[in-house]
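Look at the chain below before reading on. Trace the strands and helices by eye.

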Amino acid sequence: GRVARQQKKRLRRCGCTASGAADGDHARPPLVIDLRDAQAFAREHLEGAACIPLEQLEERLYELPPPFETTPPLHLVAAGSAQLRRARELLERKGWRVGAGATWAEGGATWTDPAPTWPRPAA
C-alpha cells in the first residue's frame, strides 16, 4: 500500500532496497539492516539489505516493519561489534526481535551469530 511505497522511497534515497519491509509480507527474505554509512554501503553490501546508518536508526524506526510477534527478526550488518551492540539494544528496547549480526570488512560480512543462508554480496 501507500505506506510500503513511502518506506521503499525513503530507503532508495540512500541507494538501497528494503526486501521484507512491506506491509507484513513475511514470505520475503528477512530484513537485513546495514548500519554502516551510505558510502560504505554503496561500495559493497548484501543483496536486499536496507541502508540505515546507526546514527539515523532511532529516527528511522518507522521505516521498519512493525514489531509484532509474527514479524521475522531483523538481521544487522555493522562496521564493528560496538555498532552491532548499540543497534541490538535499541531495537530490542523498542520491541523488535533481532536475529543474526555481522561485521563488515573489505570483501564481505563475518557473522557473529549463526549466519543466515540467504544474503550474498550485491553485484
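## The hairpin

How many residues lie between β4 and β5 in their hairpin? There are two. Gly 107 sits in that turn, and its phi is positive, about 100 degrees. Keep in mind that this is a predicted model.

The hairpin strands pair in the antiparallel sense. Four bridges join β4 and β5. One residue to find is Trp 104, whose bridge partner in β5 is Ala 109.

## The sheet

Now step back to the whole sheet. It is open and has five strands. Their order is β2-β1-β3-β4-β5, and the pairing is mixed. Why do β2 and β5 each have a side without a neighbour in the sheet? Strands β2 (50-51) and β5 (108-111) stand at the edges, and each has a single partner strand, so one side of each is left without a neighbour there.

At the β2 edge, the partner is β1, residues 32-34. These two strands run in the parallel sense, over two bridges. Asp 34 has Cys 51 of β2 as its bridge partner.

## A helix across the strands

Next comes helix α3, residues 81-93. The helix lies across β3 (74-78) and β4 (98-105). Relative to β4, α3 runs at about 155 degrees.

## Two nonpolar cores

In soluble globular proteins, nonpolar side chains tend to be buried together. Here, the largest nonpolar core has 18 residues. Seven names stand out: Ile 33, Leu 35, Leu 57, Leu 64, Leu 74, Leu 76 and Leu 91 touch the most other members. Which elements give two or more residues to this core? They are β3 and α3. Helix α3 gives the most, with four residues.

Take Leu 57 as an example. Setting aside neighbours within four places in sequence, Leu 57 is in contact with Leu 35, Ile 52, Ala 87, Leu 90 and Leu 91. There is also a second, separate core of 10 residues. Among its members are Val 32, Leu 46, Ala 100 and Trp 111.

## A histidine in β3

Is His 75 buried or exposed? This residue belongs to strand β3. Its relative accessibility is 9%, and the cut-off for buried is under 20%. His 75 therefore counts as buried.

His 75 also has a polar atom to look for. A polar atom of the His 75 side chain lies 2.8 Å from the backbone nitrogen of Ala 100. Ala 100 has appeared already, as a member of the second core.

Technical notes. Residues numbered from 1 in each chain as written. Predicted model: local features only at pLDDT ≥ 70, side-chain atom pairs only at ≥ 80, totals over all residues. Heavy atoms only, no water. Pairing = 2+ DSSP bridges. Contact = heavy atoms within 4.5 Å. Axes fitted to C-alpha atoms, helices over the stretch in contact; angles between N-to-C directions. Core = buried A, V, L, I, M, F, W, Y, C linked by side-chain atoms within 4.5 Å. Buried < 20%, exposed > 50% of the residue type's maximum accessible area, 1.4 Å probe, protein only. Polar contact = N/O pair within 3.5 Å; in protein donor to acceptor, adjacent residues only side chain to side chain.
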